[in-house]
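Work through the exercises below with the sequence and the model open side by side. Try each task before reading its solution.

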Amino acid sequence: VTPDTKNTIYCLGVKVVNPTAYEIEKDMLLLIKNVNDEVITLKAQSNYDATVRDVHEANGYVWSDYSTIALYPISEEDIFKICQGVTKIRQEYKAGTFDKEYKKDKIGTVIKAEYAQIKSALKTEKSITDGF
């Protein structure tokens, strides 16, 4: 909630774990198709670079995987569309695109529950000094 205008701004956070660095630049697209074949188009809020998530070692061979978390501003209308269920996503990143299709909805149910928790939390105004 913005302090001056009291507008609520929502962002969808997308975390990717990959064996190679996964970079996303500002305004790169995230496409989400819901169960009604509606396509939601979101743009990355900023530049996001991978960080080393974990280092692995087996038989003297050492490798790491990377984690990238990107934020995509999203309207409440698009949140409602996602809550209906997601069948496919396509994420644009510096080296190309990543596609994932879902036979069963794994995203809509989670977003619906999290959205309800956010709306509930927003009903109570909070201050940085509360409970300090």
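The exercises that follow concern a predicted model, and each solution goes step by step.

**Exercise 1. The open sheet**

Task: Determine the strand order of the open sheet of three strands, and state which strands stand at its edges.

Solution.
- Step 1. Begin with the pairing of S1, residues 10-18. S1 pairs with strand S5, residues 61-74, in the antiparallel sense over nine bridges.
- Step 2. Check this pairing at individual positions. Val 17 has Ser 67 of S5 as its bridge partner, and Val 14 stands opposite Ala 70 in S5.
- Step 3. Turn to the other pairing of S5. S4 and S5 are joined by seven bridges, again in the antiparallel sense, and here Ala 58 stands opposite Tyr 61.
- Step 4. Put the pairs together. The order is S1-S5-S4, with antiparallel pairing. S1 and S4 (51-58) each have a single partner strand, so they stand at the edges and one side of each lacks a neighbour in the sheet.
- Step 5. Add the twist, which averages 20° from one strand to the next.

**Exercise 2. A helix across the sheet**

Task: Find which strands helix H1 lies across, and give its angle to S5.

Solution.
- Step 1. Locate the helix: H1 covers residues 76-83.
- Step 2. Identify the strands. H1 lies across S1 and S5.
- Step 3. State the angle: H1 runs at about 125° to S5.

**Exercise 3. Positive phi angles**

Task: Examine the phi angles of Asp 27, Asp 37 and Asn 59, and place each residue in the chain.

Solution.
- Step 1. Recall the background: most residues other than glycine have a negative phi.
- Step 2. Take Asp 27. This residue is not a glycine, yet its phi is positive, about 75°. Asp 27 sits in the loop between S1 and strand S2 (29-34). Its relative accessible area is 40%, so it counts as partly exposed.
- Step 3. Take Asp 37. Its phi is also positive, at about 60°, although Asp 37 is not a glycine. Asp 37 belongs to the loop between S2 and strand S3 (39-43). A relative accessibility of 58% makes Asp 37 exposed, the cut-off being over 50%.
- Step 4. Take Asn 59. The hairpin of S4 and S5 has two residues between the strands, and in this hairpin Asn 59 takes a positive phi near 55°.

**Exercise 4. Salt bridges**

Task: State how many salt bridges the model has, then work out which parts of the chain are tied together by the Lys 94 pair and the Glu 76 pair.

Solution.
- Step 1. Apply the cut-off: a side-chain nitrogen of Lys or Arg must be within 4 Å of a carboxyl oxygen of Asp or Glu. The count comes to seven salt bridges.
- Step 2. Consider Lys 94, which forms a salt bridge with Glu 25; their closest N and O atoms are 3.7 Å apart. Lys 94 is in the loop between strand S6 (86-93) and strand S7 (96-101), and Glu 25 is in the loop between S1 and S2, so the pair ties together parts 69 residues apart in sequence. Glu 25 is partly exposed, at 34% relative accessibility.
- Step 3. Extend the pair. Glu 23, Glu 25 and Lys 94 are linked in a network of salt bridges.
- Step 4. Consider Glu 76 and Lys 119, whose closest N and O atoms are 3.4 Å apart in a salt bridge. Glu 76 lies in helix H1 and Lys 119 in helix H2 (residues 108-122), so parts 43 residues apart in sequence are tied together. Glu 76 is partly exposed at 31%, and Lys 119 is partly exposed at 34%.
- Step 5. Set beside these a pair within one helix. Lys 81 and Asp 78 meet in a salt bridge at 3.8 Å, N to O. Both residues lie in helix H1, three residues apart, about one turn of the helix. Asp 78 counts as buried, at 16% relative accessibility.

**Exercise 5. A nonpolar surface patch**

Task: Name the residues that form a nonpolar patch with Val 1, and decide whether Val 1 is buried or exposed.

Solution.
- Step 1. Place Val 1, which is in the segment before strand S1.
- Step 2. Name its partners. Val 1, Ile 118 and Leu 122 form the patch on the surface, and together they have about 250 Å² of accessible area.
- Step 3. Classify Val 1. Its relative accessibility is 56%, so Val 1 counts as exposed.

How values were computed
Residues numbered from 1 in each chain as written. Predicted model: local features only at pLDDT ≥ 70, side-chain atom pairs only at ≥ 80, totals over all residues. Heavy atoms only, no water. Patch = residues over 30% accessible without salt bridge, like charges linked within 9 Å, V, L, I, M, F, W, Y side chains within 5 Å. Areas by Shrake-Rupley, 256 points an atom, 1.4 Å probe, with all protein chains shown as cover. Helix = DSSP H or I, 4+ residues; strand = E, 2+ residues; numbered from the N terminus. Buried < 20%, exposed > 50% of the residue type's maximum accessible area, 1.4 Å probe, protein only. Pairing = 2+ DSSP bridges. Axes fitted to C-alpha atoms, helices over the stretch in contact; angles between N-to-C directions. Contact = heavy atoms within 4.5 Å.
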